[in-house]
Amino acid sequence: MRQLLLTHGYFLNEDPKELQIMKPYPPLGILYLCSHLQKKGFRVDVFDSTFATSQELFGVLQTEHPSVLGIYANLMTRKKVVEIARVAKDAGWKIVVGGPEPGAYINEYLSAGADVVVIGEGELTMEELLPALEHGRDSSLEQIPGIAFKDRQGQVRVTMPRPQITNLDGQPWPAREAIDISRYVETWRKAHGLGSLSFITARGCPYKCQWCSHQVFGHTHRRRDPHKVVDEVEWLCAQYQPDMFWIADDVFTIHHGWLRKYAAEMRRRGLRIPFECISRSDRLNNEVADLLAELGCFRLWIGSESGSQRVLDRMERGVTVEEVHAGVALCKERSIQTGMFLMWGYEDEDLADIEATIAHVKRTDPDVFFTTVAYPIKGTPYYERAANSLVQLKPWQESSDREIVIRGRRPPEFYKCADLLLREEVRLARMQRDRESANETELLNRIATLRESLYEMANGACP
Ligand code: B12
């Protein structure tokens, strides 16, 4: 009989935004849990919610024999996860939640029906937790590092931190066979012309960017043996025939010696598959850019965040605006597309910082850029610093950290205006670069109007 059912709250078809993006990737975290636990002899299944509906999952929970349900939660899937936990609880399941969000909201998840919150890496903790849950004694839960639970008196108990897995190479690959991976490849192929799959080569990021969530892996960085990663790449190609990969590491280019070895092994086996990944600009140089191009990197994502050095320093980003500019240039020289992430409204960002960001994007000219209005993720230093100014408009279980309002910050229309101004300025710069003069006057007028509105709003009262 099954001992554990693993699932997550990402339902592609129930999320209009994700449907528009249509870039689903398999939930590697629970697939890693599944393969580890199966290897240890546990009977584990995965209900992959990505292509399913909540009703289908509820049907399984209400009709199948209840055991332990393990749910992955991040800040975006909170609402769904809480709903799943409620339905599962009513149907008699024991509920364990894990992933990047629950460790930051222990009380809330325990109050929402979770029996146990797993903090940090899940493999070793679940291996000890499953037998303990079968016996159902608080005393045995207390002995398990890396969890939180309510004892018989209703007191929340948090156990010792769970030491991390020291040798990632001793771990099995994610249990991709537990779900329909081909569906991901096909979905990508239909929507974007290329079927994509993901894998990871490392866990954890040692950098200290103040807004980034380090809930699961802390600030450690552990890498896999490059030869073993190439084994996985080779196997993925043979098994699922993807046209491209996303290397889902926080910073793929972090360790140059590792990258050299990985590239050498890919070269030796004659493997070259298009891929995209994330890099910090300070981890790029000529050699790294050459290796990325040789390996098939067709798009590099760079967290640029702001064009203002003052804001970058406040973020403790550890990168200069010039490094971002130079990093993008290195990619351009090798025909690697670049994507940039940018943030509006971080702490005391002012108009001069916004203008600096606009100037930076125009000058650096990445192929694509995405902007977000900065939001505080619980557990980050950014959240802690803003804690006294945070307002939750909706009940916790119906909202997400993205919806938290920061008192004293400018209203959403201000950032919408800054965003439009950025886009129009970049459009103008590109027109001028390509010597397209059509509509230039119209665009110049629009830019002037947007800038005027932005400055007017900046001088207005803050809420
Ligand atoms: C790949 C990725 C994505 C991909 C794919 C997601 C997927 N299906 O895997 C895409 C692009 C879709 C994505 C989107 C987003 N992402 Co993302 N993403 C990642 C990334 C880089 C890697 C995920 C991964 O594979 N990790 C490797 C595995 C091994 O780790 P893991 O998933 O954490 O699993 C371990 C533990 O958490 C635990 N565990 C996991 N599940 C469970 C379940 C149970 C029951 C238990 C007990 C334990 C457990 O055990 C696992 C093994 O040790 C992480 C950063 C990171 N390094 O983890 C961010 C990260 C998860 N993303 C994040 C965010 C914010 C987002 C977005 C909101 C971004 C946005 N602006 O839109 C969206 C949300 C999309 C959505 N609707 O869910 C944050 C989440 C923060 C938080 N507190 O919730 C992270 C942590 C980045 C960060 N540092 O801020 N993301």
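Glu347 is partly exposed, with a relative accessible area of 25%; buried means under 20% relative accessible area, exposed over 50%, and partly exposed in between, with a 1.4 Å probe and protein chains only. Glu347 sits in the loop between strand 14 and helix 14 (351-364). Helices (H or I, at least four residues) and strands (E, at least two) are DSSP runs, numbered from the N terminus. The phi of Glu347 is positive, about 40°, although Glu347 is not a glycine. Most residues other than glycine have a negative phi.

The model is predicted: local features need pLDDT of at least 70, side-chain atom pairs count only at pLDDT 80 or more, and totals for chains, interfaces and linings use all residues. Residues are numbered from 1 along each chain as its sequence is written, and side-chain values use heavy atoms, with hydrogens and water left out.

Glu305 also has a positive phi, about 70°, and is not a glycine. This residue is found in strand 13. At 6% relative accessibility, Glu305 counts as buried. Across from Glu305, in strand 14, stands Leu342. Strand 13 (residues 297-305) and strand 14 (residues 337-344) run parallel and are joined by six bridges; two strands pair if DSSP finds at least two bridges between them.

Strands 13 and 14 belong to an open sheet of six strands in the order 8-11-12-13-14-15, with parallel pairing. At its edges are strand 8 (196-199) and strand 15 (368-373), each of which pairs on one side only. From one strand to the next, the twist of this sheet averages 20°; axes are lines fitted to C-alpha atoms, for helices over the stretch in contact, and angles run from 0 to 180 degrees between N-to-C directions.

A further open sheet has seven strands in the order 2-1-3-4-5-6-7, and its pairing is mixed. Strand 2 (44-47) and strand 7 (156-158) each have a single partner strand, so one side of each is left without a neighbour in the sheet. The twist here averages 20° from one strand to the next.

Within the seven-strand sheet, strand 3 can be followed through its partners. Strand 1 (residues 4-8) runs parallel to strand 3, and five bridges join them. Leu4 has Val68 of strand 3 as its bridge partner, and Thr7 has Ile71 of strand 3. Five bridges also join strand 3 to strand 4, again in parallel. There, Leu69 is partnered by Ile95 of strand 4. The path between these two strands includes helix 4 (residues 78-90): strand 3, helix 4 and strand 4 make a right-handed β-α-β unit. A crossover is right-handed if, with the strands pointing away from the viewer, the path from the first strand over the helix to the second runs clockwise. Strand 3 is mostly covered, with four of its five residues buried. In a regular strand the side chains alternate between the two faces of the sheet.

Next comes the ligand. It is surrounded by 39 residues, and the closest are Tyr25, Leu75, Gly122, Glu123 and Ser213; a residue is near a molecule or strand if one of its heavy atoms lies within 4 Å of it. A backbone N or O atom of Tyr25 is 3.0 Å from a nitrogen atom of the ligand. For Pro26, a backbone N or O atom lies 3.5 Å from an oxygen atom of the ligand. Asn74 has a polar side-chain atom 3.1 Å from an oxygen atom of the ligand. A polar contact is a pair of N or O atoms within 3.5 Å; within protein, one must be able to donate a hydrogen and the other to accept it, and residues adjacent in sequence count only if both atoms are side-chain atoms.

Two or more residues of the shell around the ligand come from each of helix 2 (28-39), strand 3 (68-72), strand 4 (94-98) and helix 6 (123-135). Helix 2 gives the largest share, five residues. By residue type, the shell divides into 24 nonpolar, nine polar and six charged. Here Ala, Val, Leu, Ile, Met, Phe, Trp, Tyr, Cys and Pro count as nonpolar, Asp, Glu, Lys and Arg as charged, and the others, Gly among them, as polar.

Finally, Cys417 lies in helix 16 (residues 412-433). Cys417 is buried, with a relative accessible area of 6%. Its C-alpha atom and that of Ile358 are separated by 12 Å, and the two residues are 59 apart along the chain.
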